[in-house]
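This report introduces a structure to a reader who has not met it before. Please look at the sequence and the model below.

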Amino acid sequence: MGDYTFDEIYAIVVMQSFSGVSLMCIYILMGLGLYIIFGQMGVINMAHAEFLVLGSYTMCLFSKFVTENMPAFENYYVIFAIPLSFGVAFGVGYLVEWFLISRLYHRPLDTLLATWGLSLIMQQCFRSFIGAREMSADLPEWLLGSWAASDIIDIPISGLVLLLLTVFLIVGLALFKTKTRMGLRMQATTQNREMTGALGINTKMTDRITFGIACGISGIAGAFFTTMASTSPSAGTNYIVDSFLVLVVGGLGSLVGLFVSGGFLALLSSILEFFMTGSIAKVWLYLVIFVVLMKFTRGLFSDKVRS
Amino acid sequence: MFHINSLNVSYGESKVIENLDLELNKGEILAVMGRNGMGKTTLFKSLIGILGCGSGSSIKMEDKELSSEPSFIRVRNGLAYVPQGRMIFPNLSVTDNIRTGLDSTEEKSVPDYVYELFPVLKEMGKRKGGNLSGGQQQQLAIARALVTKPKVLLLDEPTEGIQPSIIKEMAEKLKTIRDMHQVSIIVAEQVLSFALTACDRFLVMEGGSIVHSSDRSEVDAEKIKKFLSV
């Protein structure tokens, strides 16, 4: 960094931070899905990244469909593609919980193995039914380009839109969790399934919907992912480890922690990668995570109650 | 109104409850007494549906057979359960803990009678359940069960971990609950003084079977005490 002036470093840090916004949104949304499945339901879902890919493919295929059949609609399809990505991933997640995960609660190793197998099956399904080649969505013009906030700062519009949608989703989920009956059912079921059933709540249905919502959020992350890169059957695997780290650093069970750690890790990663190679940047990133977890063993924002 | 016939419960090969019959009348408070490991908690868990029961077992609430129904259906048919150790949701606020019980009812907010019975729960409404004392948690667990509008309330060792000075108060509270809500109560207990204050009928369990039964009018405290001593 010795060749840069202070002003240049400031500009680089600001620019890299904004270019890392899209990555941050992906991390946060992936982390949000894991927050529900791992942090709340206690299930380690190794196939979580494949729900991101499912959302990505939904967006790409819908984009292709609109381009070929309804070209006049091209500028607006994204508005419908995002809920569609959620819906497809929710539906698959709902069925996965029903036929697979529901039989494996309190068996973490079995769940790990089963969801890893599911991940391989889903990847192979993508290859067989959609194809192994990379695929991308045609983004509408209003999502392309950047907004010049000042002489030295250009903010990508897609990043800004993703950030707004991510904040909207987090606030929406927080309100859903705390203000609705379904949210209360989800919280109670994840804290004590047997007791929740003994209070008149249908825990099996709650589990299915909870798992479906978590997968659906990953589907939205996948739709967002198409604004950054093209999709392939194994595209999600690059994000699953980092998403778990975001969740652990933030503190299991904390939405604020998730947002803070997702932002912190994505922006730090983006800035470090400007100054050094990707792999060395990863080493530094993991070192920072290591130090944070040494100091805050339960994450940055963990809940504290009497045991 | 509540009938249990030929109830069998096993953990694998090990039979814990064998051919147990029990009847509960409307408005009755029944004590099920016995030392640790005699099957009281297993009985309650099987009644509420946390544990399955063996073939031939029957659990009927006003002629509705519940033995093969999941827990939430049993609750919707009038059973409520306060487990040993309370099992409140530690990360939910006191109010939200109570609201979890409203799911099977038409109510949208916590009914006033809950706070009349347990004023401390109103004061601590926003505090997390896990941060209450043992006695407060017990009140919360009873309130949470009560808002499901039960016909039969199952209370598993409510005095466990509670200050001796408030045990009598709790016994009186049970009678108030019975009178206010016309609810029948089955309470598993080891504290005889509590049972003698609160209950109308006394059963003693040993080895998964009922070995002694008596009404309040004919209760022999010394005999029951012998069953409870190690």
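**An internal cavity and a sheet**

In this predicted model, the second largest cavity holds about 70 Å³ of space. A cavity is a set of points, on a 1 Å grid over the protein atoms alone, where a 1.4 Å probe fits but cannot get out; its volume is the space filled by probe spheres set on the points, which are joined across faces, edges and corners. Three cavities of 30 Å³ or more are found in the whole structure.

Lining residues have an atom within 4 Å of a point; among those of the second largest cavity are A:Arg181, A:Ile201, B:Arg99 and B:Asp103. Helix H7 (residues 181-191) of chain A gives the most to this lining, with three residues. By class, the lining divides as follows.

| Class | Lining residues |
|---|---|
| Nonpolar | three residues |
| Polar | one residue |
| Charged | five residues |

In chain B, strands (DSSP runs of E, at least two residues) build an open, antiparallel sheet of four in the order E2-E1-E4-E5. Strand E2 (14-24) and strand E5 (64-65) of chain B each have a single partner strand, so one side of each lacks a neighbour in the sheet. Helix H1 (residues 40-48) of chain B packs on the sheet and touches E1, E2 and E4 of chain B, contact meaning heavy atoms within 4.5 Å.

Residues are numbered from 1 along each chain as its sequence is written, and chains are lettered from A in the order in which they are written. Local features need pLDDT of at least 70, and side-chain values use heavy atoms.

Notes: This is a predicted model: local features need pLDDT of at least 70, side-chain atom pairs count only at pLDDT 80 or more; totals for chains, interfaces and linings use all residues. Two strands pair if DSSP finds at least two bridges between them. Axes are lines fitted to C-alpha atoms, for helices over the stretch in contact, and angles run from 0 to 180 degrees between N-to-C directions. On a 1 Å grid over the protein atoms alone, a cavity is a set of points where a 1.4 Å probe fits but cannot get out, and a pocket is an open set with protein on both sides within 12 Å along at least five of seven lines; lining residues have an atom within 4 Å of a point. Ala, Val, Leu, Ile, Met, Phe, Trp, Tyr, Cys and Pro count as nonpolar, Asp, Glu, Lys and Arg as charged, and the others, Gly among them, as polar.
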